[in-house]
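Please read the following report alongside the sequence and the coordinates. It takes up charged pairs, sheets and backbone geometry in turn.

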Amino acid sequence: INRFNKSEDRAIFITDRHLYKLDPLKGYQVMKTIPLYNVTGVSVSTGKDQLVVFHTKDNKDLIVCLDKMQPANENRIGELVGVVANHFRSEKRHFQVKACDPIQCSMHGKKCTIMVETKINQSQPDFTKTRSGFVLSWPGN
């Protein structure tokens, strides 16, 4: 979800110092850099929808749906959380992981809620804005 509350295809890249948001349509150009010291934790949904929220000290959380993974439909949440948590452990820093539905987060300092809904006619995941935050529509069987 971008700064205008719109859903856009992005890639994320994590190093030992930064979390990068990249634009795959522009040759994976860096759109935003978040220092890992600014990340306070992550929230993930309890379903198979691949929803992750990176919480930050400045209340500009990064909302991500890990879609279009290769191979298709592979769950990468555990791997992502494990790698980031291991980094924080090696630096002896506290890192909070929450698995919950709905997910509470902050977008530009405003509190919002992200809910997940499974929709039968949905072909791919998509976010829509609501009064209280966002809904991630996840393709159902």
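## A buried aspartate and its partners

In this predicted model, aspartate 23 has a relative accessibility of 5% and therefore counts as buried, the limit for that class being under 20%. Its partner is arginine 10, with which aspartate 23 forms a salt bridge whose closest N and O atoms are 3.3 Å apart. Because arginine 10 lies in the segment before β1 (11-14) whereas aspartate 23 belongs to strand β2, the pair ties together parts that are 13 residues apart in sequence.

Arginine 10 also forms a salt bridge with glutamate 8, and here the closest N and O atoms are 3.1 Å apart. Glu8, Arg10 and Asp23 are thus linked in a network of salt bridges. In contrast to the buried aspartate 23, arginine 10 is partly exposed, with a relative accessible area of 28%, and glutamate 8 is likewise partly exposed, at 38%.

## The remaining salt bridge

How many salt bridges does a search of the whole structure find? The search finds three, and one of them joins the side chains of arginine 76 and glutamate 79, with a distance of 2.7 Å from N to O. Glutamate 79 is partly exposed, its relative accessible area being 46%. As a general point, side chains of opposite charge can pair when their charged atoms come close.

## The sheet from β4 to β7

One open sheet consists of four strands in the order β6-β5-β4-β7, and its pairing is mixed. At its edges stand β6 (62-65) and β7, each of which pairs on one side only, while the twist from one strand to the next averages 20°.

Strand β4, covering residues 39-44, runs parallel to β7, and four bridges join the two. Within this part of the sheet, valine 44 stands opposite alanine 99 in β7.

## The sheet from β8 to β11

Another open sheet, also of four strands and with mixed pairing, has the order β8-β9-β11-β10. Its edges are formed by β8 (103-107) and β10 (126-129), and because each of these has a single partner strand, one side of each is left without a neighbour in the sheet. The twist in this sheet averages 30° from one strand to the next.

Strand β9 (residues 110-119) and strand β11 (residues 133-139) pair in the parallel sense over seven bridges. Glutamate 117 stands opposite serine 137 in β11.

## Backbone geometry in the loops

Most residues other than glycine have a negative phi, and most peptide bonds are trans. Against that background, the peptide bond from aspartate 101 to proline 102 is cis, with omega near -10°. Proline 102 is placed in the loop between β7 (96-99) and β8, which connects an edge strand of one sheet to an edge strand of the other.

Where does tyrosine 28 lie, given that its phi is a positive value? Tyrosine 28 lies in the loop between β2 (18-23) and β3 (29-35), with phi near 60°, and its side is neither buried nor fully open: at a relative accessible area of 49%, the residue is partly exposed. Histidine 108 has a positive phi as well, near 55°, and its place is in the loop between β8 and β9. Histidine 108 is partly exposed, with a relative accessible area of 44%.

Technical notes: Residues numbered from 1 in each chain as written. Predicted model: local features only at pLDDT ≥ 70, side-chain atom pairs only at ≥ 80, totals over all residues. Heavy atoms only, no water. Pairing = 2+ DSSP bridges. Axes fitted to C-alpha atoms, helices over the stretch in contact; angles between N-to-C directions. Buried < 20%, exposed > 50% of the residue type's maximum accessible area, 1.4 Å probe, protein only. Salt bridge = Lys/Arg side-chain N within 4 Å of Asp/Glu carboxyl O.
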